[in-house]
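Here are my notes on the model, set out as numbered points for you to check against the coordinates. I would suggest reading them with the structure open alongside.

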Amino acid sequence: MDLRIMGLESSPLLSTLQQMMELSDDKSSSASLNGPSHTYVRDAKAMAATAADVKEYPNSYVFVVDMPGLKSGDIKVQVEDDNVLLISGERKREEEKEGTKYLRMERRIGKLMRKFVLPDNANTDAVSAVCQDGVLTVTVNKLPPPEPKKPKTIEVKIA
């Protein structure tokens, strides 16, 4: 919409409004062609907002992830592509009771997710998870170290 046709180009309010409209038009057209998908943005935000600690012990790797307000049934622990540990969950908004309204809502709702690439010596068949007091602990056992190869003796034949 061009406000100059109406003779209103000198109004600061209207010029600011026009600039905002032009910016929103630019964003919507470029985001649909070149920008990241909605799912990608949602997952990136979920990963950035989910705190985790990773510890290595002699026989295992331990992942400690904050999953506040989630019950164990709301949490998924998966191994993808044989070496990626995916931890996810979703906290939903509590149902509002009639006559109650939020004055402030600061606790995060939505998806929680983290992905970790597991080392080669991780035993993906031996993964356990325990959730207690909003903290998820995932333990991935290590594979036993490979036995050193013994030298092979080759018999020398006389020709």
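1. K142 lies over the face of Y61, at 4.9 Å from the ring centre, where a charge is taken to sit over a ring if NZ of Lys or CZ of Arg is within 6 Å of the ring centre and within 35 degrees of the ring normal. This is a predicted model, in which local features need pLDDT of at least 70 and side-chain atom pairs count only at pLDDT 80 or more, while totals for chains, interfaces and linings use all residues. Residues are numbered from 1 along each chain as its sequence is written, and side-chain values use heavy atoms, with hydrogens and water left out.

2. Y61 also stands opposite V140 in strand 7; helices (H or I, at least four residues) and strands (E, at least two) are DSSP runs, numbered from the N terminus. Strand 2 and strand 7 pair in the antiparallel sense over seven bridges, two strands being counted as paired if DSSP finds at least two bridges between them.

3. Which order do the four strands of the open sheet take? The order is 1-2-7-6, with antiparallel pairing. Strand 1 (52-56) and strand 6 are at the edges, and each has a single partner strand, so one side of each is left without a neighbour in the sheet. From one strand to the next the twist averages 15°, with axes as lines fitted to C-alpha atoms, for helices over the stretch in contact, and angles running from 0 to 180 degrees between N-to-C directions.

4. The whole structure yields one aromatic pair when searched. The pair is formed by F63 and F116 and is tilted, at 4.9 Å centre to centre and 45° between the planes. Rings of Phe, Tyr and Trp (its six-membered ring) pair if their centres lie within 6.5 Å, and planes under 30 degrees apart count as stacked, over 60 as edge-to-face and the rest as tilted. Distant parts of the chain are linked by this pair, since F63 is in strand 2 (residues 60-66) and F116 in strand 5 (residues 110-117), 53 residues apart. F63 counts as buried because its relative accessibility is 3%, and F116 is buried as well, with a relative accessible area of 10%; buried means under 20% relative accessible area, exposed over 50%, and partly exposed in between (1.4 Å probe, protein chains only).

5. Two residues in strand 4 deserve a look. S88 is found in strand 4 and is buried, with a relative accessible area of 12%. Not counting residues up to four places away in sequence, S88 touches M67, D74, I75, K76, L112 and M113, contact meaning heavy atoms within 4.5 Å.

6. R91 lies in strand 4 too, and is buried at a relative accessible area of 13%. What does the side chain of R91 reach at 2.5 Å? The partner is the backbone oxygen of P68. With residues up to four places away in sequence left out, R91 touches P68, G69, L70, R107, R108, I109 and G110. The C-alpha atoms of R91 and I75 are separated by 9.6 Å, the two residues being 16 apart along the chain.

7. Backbone angles should be checked at two aspartates. D81 is not a glycine, yet has a positive phi of about 50°; D81 lies in the loop between strand 3 (75-80) and strand 4 (84-91) and, at 66% relative accessibility, counts as exposed. D133, also not a glycine, has a positive phi of about 55°; D133 lies in the loop between strand 6 (122-132) and strand 7 (135-142) and is exposed, with a relative accessible area of 74%.

Terms used. A polar contact is a pair of N or O atoms within 3.5 Å; within protein, one must be able to donate a hydrogen and the other to accept it, and residues adjacent in sequence count only if both atoms are side-chain atoms.
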